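Let's take a walk through this protein together. Have the viewer open and pick out each residue as it comes up.

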Amino acid sequence: MIVPVYWAEARKQVRKGNRQVTVRRWGWSDDGQPQAEAMAEARAEVALQEALAGKKVIRREPRVAYNGADGVPIREEILARHGDVVITRNGYGARCLNTPDVVFADVDFTAPGSITLILSVFVVLLALAVVAGWQLGSVAAGLGLAFLGAT
């Protein structure tokens, strides 16, 4: 399950002495809404017991990006499903491909030379383009004059 169909949020609250402890947790399921609600309730109860025991817990689960989900599936609108492949719309409105069977790599290399070298190469290429354009322009003008003289 990459992106579940059903989501539910549970809230548990208890008063301990003069302070109130509240936790919220999400539950999810591909089977149905009741299963998502049951998971949310169970997760919220565990978090509440940990908070009451003095453990540091996050009171409310934030919506996080792919790399920070920490075992919680992403909560995005499902646009299409094709087996294990799910196309979703992220928070920015972009369509996202979610699949366990593909690897994308972004490889960055450092610049091979100094800025002076890069600018020098650019100037040489620009000069060659101007000369080539002038030469082509001269040839075209000569052909035009030859054509006019032939008629």
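A good place to begin is Glu77, which is partly exposed, since its relative accessibility is 45%. Keep in mind that everything here comes from a predicted model. Glu77 has a charged partner: Arg89 forms a salt bridge with Glu77, and the closest N and O atoms are 3.2 Å apart. This pair links distant parts of the chain, with Arg89 in strand β4, Glu77 in strand β3, and their positions twelve residues apart in sequence. Arg89 has a relative accessible area of 29%, so it too falls in the partly exposed class. As background, side chains of opposite charge can pair when their charged atoms come close.

Now zoom out for the overall layout. The protein chain has two helices and five strands, and read from the N terminus the order is β-β-α-β-β-β-α. Of its 151 residues, 23% count as buried. The accessible surface comes to about 11200 Å², and carbon and sulfur atoms hold 61% of that area. Among contacts with a separation of 6 or more, residues 24 or more positions apart account for 49%.

Back to the charges. How many salt bridges does the structure hold? There are six. One of them joins Glu9 and Arg60, where the closest N and O atoms are 3.9 Å apart. Glu9 sits in strand β1 (residues 6–16) and Arg60 in the loop between α1 and β3 (77–82), so this bridge ties together parts that are 51 residues apart in sequence. Glu9 is partly exposed, because its relative accessibility is 33%.

Another bridge brings the side chains of Arg43 and Glu61 together, at 2.6 Å from N to O. Here too distant parts of the chain are linked: Arg43 belongs to helix α1, Glu61 to the loop between α1 and β3, and the two are 18 residues apart. Is each partner buried or partly exposed? Arg43 counts as partly exposed at 24% relative accessibility, whereas Glu61 is buried, with a relative accessible area of 13%. The cut-off that matters for this pair is 20%, because buried means a relative accessible area under that value.

Next, turn to the nonpolar interior. Which residues make up the largest nonpolar core? Its six members are Val21, Val23, Ala47, Leu48, Ala51 and Val57. Two elements give two or more residues to this core, namely β2 (19–29) and α1 (33–52). The biggest share comes from α1, with three residues. Ala47 is a handy residue to select here: leaving aside neighbours within four places in sequence, Ala47 is in contact with Val23, Arg25 and Val57. A second, separate core has five residues, including Ala10, Ala36, Ala40 and Ala44.

Strands β4 and β5 offer a polar counterpart to look at. Thr88 is found in strand β4 (residues 85–89), and Asn98 in strand β5 (residues 95–98). Their side chains make a polar contact at 3.0 Å. Why does Thr88 count as buried? Its relative accessibility is 0%, and because the buried class covers anything under 20%, that value qualifies. Asn98 counts as buried as well, because its relative accessibility is 6%. The side chain of Asn98 also reaches the backbone oxygen of Cys96, at 3.3 Å.

Follow the chain between those two strands and you meet Gly91, which is located in the loop between β4 and β5. Is Gly91 buried or exposed? Gly91 is exposed, because its relative accessible area is 75%. Gly91 and Arg75 are 16 residues apart in sequence, while their C-alpha atoms are 9.5 Å apart in space.

Our last stop is on the outside of the protein. Leu117, Val121, Val124, Leu125 and Leu128 make a nonpolar surface patch of about 470 Å². To find this patch in the viewer, start from Val124, which has its place in helix α2 (residues 115–150).

Note on methods:
Residues are numbered from 1 along each chain as its sequence is written. This is a predicted model: local features need pLDDT of at least 70, side-chain atom pairs count only at pLDDT 80 or more; totals for chains, interfaces and linings use all residues. Side-chain values use heavy atoms; hydrogens and water are left out. Patches are made of residues with over 30% relative accessible area and no salt bridge: like charges are joined within 9 Å, nonpolar side chains (Val, Leu, Ile, Met, Phe, Trp, Tyr) within 5 Å. Accessible areas come from the Shrake-Rupley method with a 1.4 Å probe; for residues, only the protein chains shown count as cover. A salt bridge is a side-chain nitrogen of Lys or Arg within 4 Å of a carboxyl oxygen of Asp or Glu. Helices (H or I, at least four residues) and strands (E, at least two) are DSSP runs, numbered from the N terminus. Buried means under 20% relative accessible area, exposed over 50%, partly exposed in between (1.4 Å probe, protein chains only). Contact means heavy atoms within 4.5 Å. A polar contact is a pair of N or O atoms within 3.5 Å; within protein, one must be able to donate a hydrogen and the other to accept it, and residues adjacent in sequence count only if both atoms are side-chain atoms. A nonpolar core is a set of buried Ala, Val, Leu, Ile, Met, Phe, Trp, Tyr and Cys residues joined through side-chain atoms within 4.5 Å.
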